[in-house]
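The exercises below are to be worked through with the sequence and the coordinates at hand. Each task is followed by a solution that goes step by step.

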Amino acid sequence: MQIFMDTANIDEIRRGAALGVVDGVTTNPSLLAKEGVEYRDRVLEIASVVDGPISAECISTEFEPLLAEARRIAAWHENVVVKIPMGEVGLQAIHRLSAEGIKINVTLIFSANQALLAAKAGATFVSPFVGRLNDGGQDGMAVIRESVEIFENYDLDTQVLAASIRGARDVTECALAGSHVATIPSAVLFQMMGHPLTDKGIEIFLRDAQKYSAV
Ligand code: G3P
């Protein structure tokens with residue numbers, strides 16, 4: 001499974017990239033707003049740290065402005081994937097832009113039907129929001145499983161990019177569900193590395209290592 005970081009914070013991205021496990025980055029207007037920087041500037045900084053897909057989101061809601069905004073964002077860097085919210089205008093834009101060779105991550109996906117339509121329109125990635133579905137008492141992981149199965153049934157090239165990840169267990173379940181990608185908040189990624197028994201084991205080894213000479 002590919003691991004993306006779900007953040008626009010460059011320090012967190014540098015820390016994650018140093019682990020050698022980060023394959024890409026996703027951002028959105030809420031994540032960027034936390035940083036107080038210009039979108040293009042931050043995306044170019046991220047591109048200098050992570051050599052992989054970097055999702056940057058459009059906010060236009062009308063067709064022609066959305067096409068123009070997506071083309072501007074796509075031109076920022078060759079690794080940029082343009083994020084477009086699911087909907088009728090979004091599908092029209094995805095259909096047009098994908099034919100131009102622009103990679104699209106369709107965001108705010110909450111059903112397998114939305115994922116299927118986005119894939120047929122030409123999406124590179126679809127982003128089902130697992131956490132927000134679970135927050136509402138629905139089964140977010142079911143949308144991941146169903147989308148993966150549908151794409152496999154019809155040999156669709158679109159990748160399922162599990163988003164709105166709330167904890168380390170979500171990552172395990174995404175991998176078990178066959179999600180192509182999970183985009184993981186920094187806190188969850190750094191939490192995944194640790195385990196109390198690992199810490200305890202290191203403590204015991206260091207204690208016992210005192211009984212022989214350092215190598
Ligand atoms: O990539 C989408 C993700 O950032 C949304 O997460 O926690 O706002 O549902 P959340």
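**Exercise 1: Polar contacts of the ligand**

In this predicted model, an oxygen atom of the ligand lies 3.5 Å from an N or O atom in the side chain of Lys83. Starting from this pair, find the distances for the side chains of Arg132 and Arg166, and then establish how much of the ligand the protein buries.

*Solution.* The cut-off for a polar contact is a pair of N or O atoms within 3.5 Å. For Arg132, a polar side-chain atom is found 2.6 Å from a ligand oxygen, and for Arg166 the distance between a side-chain N or O atom and an oxygen of the ligand is 2.7 Å. The ligand, taken alone, exposes 310 Å², of which the protein buries 80%. As a last step, the list of surrounding residues can be completed: besides Lys83, Arg132 and Arg166, it holds Asp6, Asn28, Leu31, Phe129, Ala163 and Ser164.

**Exercise 2: The sheet and its helices**

Determine in which order the 8 strands close into a barrel, and describe how helices α4 and α6 are placed against the sheet.

*Solution.* The strands follow one another as β1-β2-β3-β4-β5-β6-β7-β8, with parallel pairing. Neighbouring strands of this sheet are turned against each other by 30° on average, with direction ignored. One pair can be followed in detail: β5 (residues 104-109) and β6 (residues 125-128) are joined in the parallel sense over 3 bridges, and Ile109 stands opposite Pro128 in β6. Helix α6 (residues 112-121) packs on the sheet where it touches β5 and β6, and its direction makes about 160° with that of β5. Helix α4 (residues 63-74), for its part, touches β3 (54-57) and β4 (80-85), with an angle of about 155° between its direction and that of β4.

**Exercise 3: Positive phi values**

Locate Asp155 and Ser164, give their phi values, and decide for each whether the residue is buried or exposed.

*Solution.* Most residues other than glycine have a negative phi. Asp155, in the loop between α8 (140-153) and β7 (159-162), has a positive phi near 55°. Its relative accessible area is 67%, and because the threshold for exposed is over 50%, Asp155 is classed as exposed. Ser164, in the loop between β7 and α9 (168-176), has a positive phi near 60°. Its relative accessibility is 9%, and since buried means under 20%, Ser164 counts as buried. Ser164 is also one of the residues around the ligand, which links this exercise to Exercise 1.

Conventions:
Residues numbered from 1 in each chain as written. Predicted model: local features only at pLDDT ≥ 70, side-chain atom pairs only at ≥ 80, totals over all residues. Heavy atoms only, no water. Pairing = 2+ DSSP bridges. Helix = DSSP H or I, 4+ residues; strand = E, 2+ residues; numbered from the N terminus. Axes fitted to C-alpha atoms, helices over the stretch in contact; angles between N-to-C directions. Contact = heavy atoms within 4.5 Å. Near = heavy atom within 4 Å. Polar contact = N/O pair within 3.5 Å; in protein donor to acceptor, adjacent residues only side chain to side chain. Areas by Shrake-Rupley, 256 points an atom, 1.4 Å probe, with all protein chains shown as cover. Buried < 20%, exposed > 50% of the residue type's maximum accessible area, 1.4 Å probe, protein only.
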